[in-house]
Amino acid sequence: LTQLRTLTRLTLNHNDLIGSLPTELGLLTSLQFLRLDTNFFTGTIPSQYARCTELQVLSLFKNGLTGTL
């Protein structure tokens, strides 16, 4: 997935994904829409996501995330 550097949309909501948010998504710097809501992610939002400067929509609701953006 991280080889897809020109990927602009990634939608993985409602997939029962568990664990921490993958830091590698920060390598997808062309992302404009990232939807990971309604899963079972826990922990914090990785600082690597700040590299996604084209991001317009970040949807993370209905997870167990903590911390600040």
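Strands S2 and S4 (residues 40-43) run parallel, joined by three bridges; strands here are DSSP E runs of at least two residues, numbered from the N terminus, and two of them pair if DSSP finds at least two bridges between them. This is a predicted model, so to speak from the record: local features need pLDDT of at least 70, side-chain atom pairs count only at pLDDT 80 or more, and totals for chains, interfaces and linings use all residues. Numbering starts from 1 along each chain as its sequence is written, and side-chain values use heavy atoms, with hydrogens and water left out.

**The sheet**
- Three strands make up an open sheet in the order S2-S4-S6, with parallel pairing.
- Strands S2 (18-20) and S6 (64-65) sit at the edges, each pairing on one side only.
- Ser20 has Thr42, in S4, as its bridge partner.

**Ile18**
- Strand S2 includes Ile18.
- Ile18 counts as exposed (over 50% relative accessible area, 1.4 Å probe, protein chains only) because its relative accessibility is 71%.
- Ile18 and Tyr49 are 31 residues apart along the chain, and 18 Å separates their C-alpha atoms.

**Asp37**
- Look for Asp37 in the loop between strand S3 (33-35) and S4.
- With just 1% relative accessibility, Asp37 counts as buried, the cut-off being under 20%, with partly exposed in between.
- Its side chain makes a polar contact with the side chain of Thr38 at 3.1 Å; that term takes a pair of N or O atoms within 3.5 Å, within protein one able to donate a hydrogen and the other to accept it, and residues adjacent in sequence count only if both atoms are side-chain atoms.
- Setting aside neighbours within four places in sequence, Asp37 is in contact (heavy atoms within 4.5 Å) with Asn13, His14, Ser59, Leu60, Phe61 and Asn63.

Methods. Helix = DSSP H or I, 4+ residues; strand = E, 2+ residues; numbered from the N terminus.
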